[in-house]
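Open the model in your viewer and keep the selection tool ready. This tour goes stop by stop.

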Amino acid sequence: LARGTIKAKANFNVSEDVAALRKAMEGIGTTEKTLIDILTHRSSSQKQAISKAYEETTNRILVNDLKGDTQGNFENLLVALARPPAVNDAKWLIKAMKGTGTDNSILIEILASRTNKQIKELSAAYAEETKKTLIQKLKTEVSGDFGKAILLLAEGARDETSIPHLRQTILEYKNISGKTLQKSIEKEMSGNLEELLVDIVKCVMSTPAYFAEKVYKSMKGAGTDETTLTRVMVSRGEIDMLDIRAEFKKLYQNSLFKEISSDVSGNYGDCLNVICGGED
């Protein structure tokens, strides 16, 4: 069941969309509203068809034109909306492992929350982008028990049929031990391995609640972590944004729409609110 807010457009007309995008970007000034409207109201496969036709018509690459015509957080958001989900995941992983040190929480978020199918697709996109397999690269970046666990997840071979059973086990654990599995992990473990195991438990219990918390934390307190906000809103927009919205309200007694509206503004905020897809 599709629980996303970004859906396929009925009566989709690729050449109409290409013409509208060109009109929005060519000449002086940019019509941001058109860019937002098209990129948030087409499915991934429709956007791939648009990108292909755009290149055939103009000999230019849509993502590059979007980069040239917008800037900052708004640019990053539109570019991510225009790319296939697997390419986004690959790019985010590449960035997380670039230079010295690794941004482990991005590795954890992506590998703990994606399905086997998504992991297979992002691995293919990763190999295409870097000419190296994701597993090869991870082996040079992560080590110890944390590394072993990350490499297992990256294989995309988890038994997905036993997720309801796992969920039941996690609930039972609390009945037996008097504290949640998450609390036990936090007490017994530390560092990256703790974060990874806690995130796996959260995703098994409720992926939408996991992402509702991520979004909340990205906006909580002074300043906004736009990178995380963009990553979550784009990666879940077509999958379970309706459920994330419901979980957000349950957890924080405020609508995600209101939270976004009070935290970010301009074209960036407008576009995020369209992805949010409703004020409740």
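**Stop 1: helix H15**

Select residues 241-252. This is helix H15, with twelve residues. From first C-alpha to last it reaches 16 Å, close to the 16 Å expected at 1.5 Å a residue. Keep in mind that the model is predicted.

Which residues of H15 are buried? Colour Met-241, Ile-244, Arg-245, Glu-247 and Phe-248. Now show what covers them. The cover includes H13, helix H14 (226-237), helix H16 (256-263) and helix H17 (266-276).

**Stop 2: the turn after H15**

Step on to Gln-253, just after H15. Gln-253 sits in the loop between H15 and H16. Its phi is positive, about 50 degrees, although Gln-253 is not a glycine. Most residues other than glycine have a negative phi. Is Gln-253 buried or exposed? Gln-253 counts as exposed, because its relative accessibility is 64% and the cut-off for exposed is over 50%.

**Stop 3: H13 against H15**

Add helix H13, residues 191-219. The axes of H13 and H15 come within 8 Å and cross at roughly 65 degrees. The crossing is right-handed. On the H13 side, select Ser-206, Pro-208, Ala-209, Phe-211, Ala-212, Glu-213, Val-215 and Tyr-216. On the H15 side, take Asp-243, Ile-244, Glu-247, Phe-248, Leu-251 and Tyr-252. By class, this contact has ten nonpolar, one polar and three charged residues. Ile-244, Glu-247 and Phe-248 were among the buried residues of H15.

**Stop 4: the cores**

Next, look for nonpolar side chains. In soluble globular proteins, they tend to be buried together. The largest nonpolar core here has 71 residues. Select Leu-66, Leu-81, Leu-138, Ile-150, Met-233 and Leu-256, which touch the most other members. H13 gives the most to this core, with eight residues.

Zoom in on Leu-138. Which residues does Leu-138 touch, not counting those up to four places away in sequence? They are Met-97, Leu-107, Leu-111, Ile-150, Leu-151 and Ala-154.

A second, separate core has five residues. Ile-170, Ile-185, Val-201 and Val-204 are among them.

**Stop 5: helix H3**

Select residues 44-58 for helix H3. H3 has 15 residues and spans 21 Å from first C-alpha to last, close to the 21 Å expected at 1.5 Å a residue. Its buried residues are Ser-44, Gln-46, Lys-47, Ile-50, Ser-51, Ala-53, Tyr-54 and Thr-58. Their cover includes helix H1 (14-25), H2, helix H4 (62-69), H5 and helix H6 (85-96). Asn-59 follows H3, with a positive phi near 60 degrees.

**Stop 6: H2 against H5**

Two helices from that cover come next. Show H2 (residues 32-40) and H5 (residues 72-82). They pack at an angle of about 35 degrees, with axes 9 Å apart. Their crossing is left-handed. H2 brings Glu-32, Leu-35, Ile-36, Leu-39 and Thr-40 to the contact, and H5 brings Phe-74, Leu-78, Leu-81 and Ala-82. Seven of the contact residues are nonpolar, one is polar and one is charged.

**Stop 7: two last residues**

Pick Asp-270 in helix H17. Asp-270 is partly exposed, because its relative accessibility is 47%. Measure from its C-alpha to that of Lys-33: the two atoms are separated by 9.0 Å, although the residues are 237 apart along the chain.

Finish at Asn-11, in the segment before H1. Asn-11 has a positive phi of about 50 degrees and is not a glycine. With a relative accessible area of 73%, Asn-11 is exposed.

Conventions
Residues are numbered from 1 along each chain as its sequence is written. This is a predicted model: local features need pLDDT of at least 70, side-chain atom pairs count only at pLDDT 80 or more; totals for chains, interfaces and linings use all residues. Side-chain values use heavy atoms; hydrogens and water are left out. Axes are lines fitted to C-alpha atoms, for helices over the stretch in contact, and angles run from 0 to 180 degrees between N-to-C directions. Helices (H or I, at least four residues) and strands (E, at least two) are DSSP runs, numbered from the N terminus. A crossing is left-handed if the near helix is turned anticlockwise from the far one by less than a right angle, and right-handed if clockwise. Contact means heavy atoms within 4.5 Å. Ala, Val, Leu, Ile, Met, Phe, Trp, Tyr, Cys and Pro count as nonpolar, Asp, Glu, Lys and Arg as charged, and the others, Gly among them, as polar. A nonpolar core is a set of buried Ala, Val, Leu, Ile, Met, Phe, Trp, Tyr and Cys residues joined through side-chain atoms within 4.5 Å. Buried means under 20% relative accessible area, exposed over 50%, partly exposed in between (1.4 Å probe, protein chains only). The expected span of a helix is 1.5 Å times one less than its number of residues.
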